[in-house]
Amino acid sequence: MRTHYFLLIGFIFVTTISFGQSEDEAEIRRLEKHWTELLDQGDTASLLQIWSENYVVNNPNGKIVTPKDIIALMKGGHKFPAVERIIEKVTFNENIAIVMGKELQQPAGMVADRDQWIPRRFTNVWIKSENGWQLAARQSSRQIVE
């Protein structure tokens, strides 16, 4: 009887932990899509809520930019090209979520044919705080196709 009790407690503990992490992963995947939509819409106010205060980006041009730089670009009329993001892995380490995968970026000529889009690799880092999950860092670089 005692063995069954410990097995039941162990099962409940493991499923609770697994369920909690899958909820976080679903939320991160939702936020990944959502912040990209906000960028497409030019919604700077909502982006500032999703980005952490010290959000930093190493962009595909090799330049490190901050929200101040990004917002200034957007307010100056810059439209970011469309991006299709394919998440390959979400990893959690306590209150940090690391998202890795590939992206296809629409070229400057706004070509609709996805076969002509620019392949990139990305890493996004999310931190969970009292404000929920916030995007803290991003790195994106061109993928060299051989």
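**Exercise 1.** In which loop does glycine 62 lie? Decide too whether this glycine is buried or exposed.

*Solution.* Keep in mind as you work that this is a predicted model. Start with the elements on either side: strand S1 covers 51-58 and strand S2 covers 64-65, and glycine 62 sits in the loop between them. Next, take its relative accessible area, which is 55%. The cut-off for exposed is over 50%, so glycine 62 is exposed. Finally, look across to serine 141: the two are 79 residues apart in sequence, yet their C-alpha atoms are 7.7 Å apart in space.

**Exercise 2.** Work out how the buried residues of helix H3 are arranged around its axis.

*Solution.* First, list the buried residues of H3 (residues 67-75): Pro67, Ile70, Ile71 and Met74. Then look down the helix axis: these buried residues fall within an arc of 95°, so they line one face of H3. Now turn to the other side of H3, where Lys68 and Ala72 are exposed. To finish, step just past H3 to glycine 77, which takes a positive phi of about 100°.

**Exercise 3.** Find the residues that touch the most other members of the largest nonpolar core, then follow one of them outward.

*Solution.* The core holds 22 residues, and Ile28, Trp35, Trp51 and Trp126 touch the most other members. Among the elements that give two or more residues to this core are helix H1 (2-41), helix H2 (44-50) and strand S5 (118-129). H1 gives the most, with five residues. Now pick tryptophan 35: leaving aside residues up to four places away in sequence, its contacts include Trp51, Trp126, Arg85 and Arg138.

Definitions and conventions: Residues are numbered from 1 along each chain as its sequence is written. This is a predicted model: local features need pLDDT of at least 70, side-chain atom pairs count only at pLDDT 80 or more; totals for chains, interfaces and linings use all residues. Side-chain values use heavy atoms; hydrogens and water are left out. Buried means under 20% relative accessible area, exposed over 50%, partly exposed in between (1.4 Å probe, protein chains only). Helices (H or I, at least four residues) and strands (E, at least two) are DSSP runs, numbered from the N terminus. The arc is that of the directions from the helix axis to the C-beta atoms. A nonpolar core is a set of buried Ala, Val, Leu, Ile, Met, Phe, Trp, Tyr and Cys residues joined through side-chain atoms within 4.5 Å. Contact means heavy atoms within 4.5 Å.
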